[in-house]
Structure formats: C-alpha cells, structure tokens
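This report describes one protein model for a reader who has not seen it before. The sequence and structure come first, and the text then goes through some of the parts.

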Amino acid sequence: MKLWKYMLASLLLLTGCTPAGKPTETSAPVVSQEPAKNAGKIELTTLPTDMSAYMFLDDPDHVFEEVTTEESLKLFVNGTGIVIYSYETCPWCNRVMPVLNEAAKAKGVKVFYVNIYSDAFMQLSNQEKSDQIQALYTCLDPILDREKDETTGKEKPVMQVPEVVAVKDGKITAHHMGIVDGFKLDPDKLSEYQVSKSQVKELKNIYLELIDSIK
C-alpha cells in the first residue's frame, strides 16, 4: 500500500472537517448538472467517472461515482456514504475495486471514488493542495497510522491507499485499508490478479460489514 506523500506538520492546527477555502479558477472543474441527493443529508457533485484504467474492474455498470478530494470532505460534516481514496496505477487499489464493487452491489449502494492523483487535483496550486490535504487528514485523523518524522522526531499521520471509509451523519463508522492480512503482492506478476478466492471472500465480508455500519 503506497503512502500518500503529503505529511503535514501543521495538521493538528486545523479544526473541523470542512473544505478549505472557496474554489478558484485552478480548482477542479464544476459539473454542469445539478448535484444529486446522494450522500444522506447533503449533496455531492459527481464528476464523469471513468474506471477503465482499473484493470480488474470489468463491470460497465459499476457502483463508483467520482468526486473531488474537496467534495469528499462534505461527507465528514453531515453526510452518509462509502468513499474510497485510491489512484489508477496503485496495484493494491486495482485489486480491491472489483471486490468493493461486488459488495456494494449486493447492498444496493453507490461508492464515492476519489482519485487522489487526479489531473484536476494535480493542477491545483501548491497552497490549494496543501489546504485540501490538511483538511482531509483532519477528517481522517482517528483512523490514520502514525510514523516518526525524521526531522522533528515527532509522530505524524500518514495516509495509505486503498482506503475505504464508511461515514454516517458525518462520523466515521468503519474503515478498511489495503487488501487482507497475509496478501503479498508479487511485483513481477502485476498483470495477474494474485488475490486468492479465500482472500476475496474475506475482503468482501469486510466490505459488507463496513457498508452495514451506515445503515
């Protein structure tokens, strides 16, 4: 599982889980359609969702609805839903997508998908990126791992993907990062799925329970 390489010492100075600032001309594009009431008490504006880069997800009628990093922060205010933080070239992310898709379909729910390295995000100014990441780290702080900062010697939160988070009325009810204990990725066989049937079953059950936590 790859770390999201933004580890910000000023994280704990933030209060609340709200989008940082108003969108600027370099922010993610605004979708022309009306937002759907797709996150419980709130509305999230979704983007055109292209999951074709995920090599093991071959369902044209998948459950994923793409939202920006900034838009996903609304969930942690008073929203309800399932969100996955991921990116297209992450080999672990590629392997969980079909399992999450199957579990969500079984429960009849959609999943918000955040590509943490989307073109729209990467085109933001450094300050805008920093603001959004700090806000997201604040929202996810209770579930993030810690590691020691080599410069300061203090512990700091780190984010790894794929991270699937269940949120109900703005509160995190469950989450799961990675695949399952015992899974080891062979980097020389990335074109192969590698996840065994028993591991798929285990992961699906984790996702089913995660989804149930917001019911």
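## A helix, a sheet and two cysteines

Helix H5 covers residues 126-140, and its 15 residues should span 21 Å at 1.5 Å a residue; the end C-alpha atoms are 21 Å apart, which agrees. The model is a predicted one.

How many of the 15 residues of H5 are buried? The count is 12, so that H5 is mostly covered, where buried means under 20% relative accessible area. Among the buried residues are Glu128, Lys129, Ser130 and Gln132 towards the lower numbers, and Tyr137, Thr138, Cys139 and Leu140 towards the higher ones. In an α-helix there are 3.6 residues a turn, so residues three or four places apart point the same way.

Cys139 has a relative accessible area of 6%, and it is buried because this value is under 20%. Cys90 counts as buried too, at 0% relative accessibility. The structure holds zero disulfides.

The next part is a sheet. Five strands form an open sheet in the order E4-E6-E5-E9-E10, and their pairing is mixed. Strand E4 (64-66) and strand E10 (171-177) are the edge strands, each of which pairs on one side only. On average, neighbouring strands of this sheet are turned by 25° against each other, direction ignored. Strands of a sheet pair through backbone hydrogen bonds, either parallel or antiparallel.

Strand E9 (residues 163-168) is mostly covered, with five of its six residues buried. Two of the pairings in the sheet involve E9, and they are listed here.

| Strands | Sense | Bridges |
|---|---|---|
| E5 and E9 | antiparallel | five bridges |
| E9 and E10 | antiparallel | six bridges |

Which residues stand opposite Val167 of E9? Gly81 stands opposite Val167 on one hand, and Ile172 in E10 does so on the other. Lys168 has Lys171 in E10 as its bridge partner.

E9 and E10 form a hairpin with two residues between them. One residue in the turn, Asp169, has a positive phi of about 50°.

Where does helix H6 pack? Helix H6 (residues 197-212) packs on the sheet and touches strand E5 (81-86), E9 and E10. The direction of H6 makes about 170° with that of E10.

Key: Residues are numbered from 1 along each chain as its sequence is written. This is a predicted model: local features need pLDDT of at least 70, side-chain atom pairs count only at pLDDT 80 or more; totals for chains, interfaces and linings use all residues. Side-chain values use heavy atoms; hydrogens and water are left out. Two strands pair if DSSP finds at least two bridges between them. Helices (H or I, at least four residues) and strands (E, at least two) are DSSP runs, numbered from the N terminus. Axes are lines fitted to C-alpha atoms, for helices over the stretch in contact, and angles run from 0 to 180 degrees between N-to-C directions. Contact means heavy atoms within 4.5 Å. A disulfide is a pair of cysteine sulfur atoms within 2.5 Å. Buried means under 20% relative accessible area, exposed over 50%, partly exposed in between (1.4 Å probe, protein chains only). The expected span of a helix is 1.5 Å times one less than its number of residues.
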